[in-house]
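Thanks for coming. I will go through one model this morning, helix by helix, and then turn to a few backbone details.

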Amino acid sequence: MKIVKAYQNFAGKCKDHVTYMMNISAYALPEDLQNDINAAKERFGSIRDEIAGTCDGDSAASRVNNLLQGLKKRYIDWYLAEHAKHRLDIKESKRKNQLMQSGTRSDLSRLEEIDFLPGAKLSALETELARLKTCYELTPDKLNSVTVCSSCKFVPGSAEPIVKGQLDSIEERMEGMLAEWTKSLHDTVSDPTLSDQMQYLTAEQQSRLKAFIDTAELPEPVDVYFIEAVKKYITGFDVVTIDSAKLLETLIKRGPCNEDDFRKAFNDLLSQAIRGKDKSKLRIVVK
Ligand SMILES: [Zn+2]
């Protein structure tokens, strides 16, 4: 009877720590922590078995708890670091909102309406930005009783993207995209073959467009009137869009081939895309 009581006492006093360890064992933990947890499981077995001889559940429980407490602390430190890598804090969250409402983004959104600019690239970047998750609710104390953040339920070792440093990267890419689009737009509207189109624009549209052609600088902000002027101006062009995925697929499908075959594959695709178009007005865009 004394032994049964000692075991019960032991089990009751270690229960919380043991359950916690069992829960975290389900995650992809760092190797050293995982190894030490495995070793602790064996140590747990031998401490428990010693109770048969000592009948001292209290002392066995306190040895197990000391052992598991250290592992739990290591897990909490690691989880906090992982959580910080995968969640924006309050300051970063504000910056995310600023980026979403920035002049750069709104200029890009307007320019996206122009057919030959690759709007899908902007959508991909916007999706990437929108997906960055925010959580600034977690404190070390909260992980004493639960193994994941109760606010955002971040599961460590999951395939969630790292958000640390992403805001810098997205902002840089957004600015790069605006510079690229500005250049591409400027190259297009500066084409002298289009100048006849100018007469179809209103005086205000003409002055806006001429300012852009002269300075290569977009109006601030880019507004709907500017976009309308550009659209009207470039109607002199016949824009043909070639899907980049389709282009790649056509070339990849041929497998290794000689120069003539490669040219033929490309030419076939091109001829198909521009069939029936006026070559002098043609502008080919790969999106
Ligand atoms: Zn969280």
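Let me begin with a pair of helices. The crossing of helix 4 and helix 7 is left-handed. Please keep in mind that this is a predicted model. Helix 4 covers residues 90–100 and helix 7 covers residues 166–189, and they pack with their axes 11 Å apart at an angle of about 15°. An angle under 35 degrees counts as roughly parallel, and helix 4 and helix 7 are therefore roughly parallel to each other. On the helix 4 side the contact uses Glu92, Arg95, Lys96 and Leu99, and on the helix 7 side Leu167, Ile170 and Glu171. By type, that contact between helix 4 and helix 7 has four charged residues, three nonpolar ones and no polar ones.

Now a second pair. Helix 1 and helix 3, the latter being residues 57–86, have axes that come within 8 Å and cross at roughly 10°. Helix 1 and helix 3 are therefore also roughly parallel to each other. The list of contact residues is long, so I will give part of it. From helix 1 it includes Ala6, Phe10, Cys14, His17, Tyr20 and Met21, and from helix 3 it includes Ala61, Val64, Leu68, Leu71 and Tyr75. The residues of this contact between helix 1 and helix 3 divide into 13 nonpolar, five polar and three charged.

Next, the interior. Which residues have the most contacts inside the largest nonpolar core? They are Leu111, Trp181, Leu185, Val189, Leu209, Val230 and Tyr233, in a core of 16 residues. At least two residues of this core come from each of helix 5 (103–111), helix 7, helix 8 (203–215) and helix 9 (224–233). Helix 7 gives the most, with five residues. Take Trp181 as one example: leaving aside neighbours within four places in sequence, Trp181 is in contact with Leu108, Leu111 and Leu117. Apart from the largest core lies another, of 14 residues, among them Tyr20, Met21, Val64 and Leu68. Those four names were also in the contact of helix 1 with helix 3.

Helix 10 is another matter. Of the 10 residues of helix 10, residues 244–253, the number buried is zero, so helix 10 lies largely in the open. Helix 10 is followed by Gly255, which has a positive phi, near 70°.

That brings me to the loops. The loop between helix 8 and helix 9 holds Ala216 and also Pro221. Glu220 and Pro221 are joined by a cis peptide bond, with omega about -10°. Ala216 is a residue other than glycine with a positive phi, near 60°. Ala216 has 13 other C-beta atoms within 10 Å, so it is partly exposed.

Lys153 sits in the loop between helix 6 (119–131) and helix 7. Lys153, too, has a positive phi near 60° without being glycine. Is Lys153 buried or exposed? It is exposed, because 9 other C-beta atoms lie within 10 Å.

The last residue is Pro30, in the loop between helix 1 (2–24) and helix 2 (31–54). Pro30 has 14 C-beta neighbours inside 10 Å and so counts as partly exposed. From Pro30 to Phe262 is 232 residues in sequence and 49 Å in space, C-alpha to C-alpha.

That is all I have.

How values were computed:
Residues numbered from 1 in each chain as written. Predicted model: local features only at pLDDT ≥ 70, side-chain atom pairs only at ≥ 80, totals over all residues. Axes fitted to C-alpha atoms, helices over the stretch in contact; angles between N-to-C directions. Parallel < 35°, antiparallel > 145°, perpendicular 65-115°, else oblique. Left-handed = near helix turned anticlockwise from the far one by under 90°. Contact = placed C-beta atoms within 7 Å. Nonpolar A, V, L, I, M, F, W, Y, C, P; charged D, E, K, R; others polar. Buried ≥ 20, exposed ≤ 12 C-beta atoms within 10 Å, placed from the backbone. Core = buried A, V, L, I, M, F, W, Y, C linked by C-beta atoms within 7 Å.
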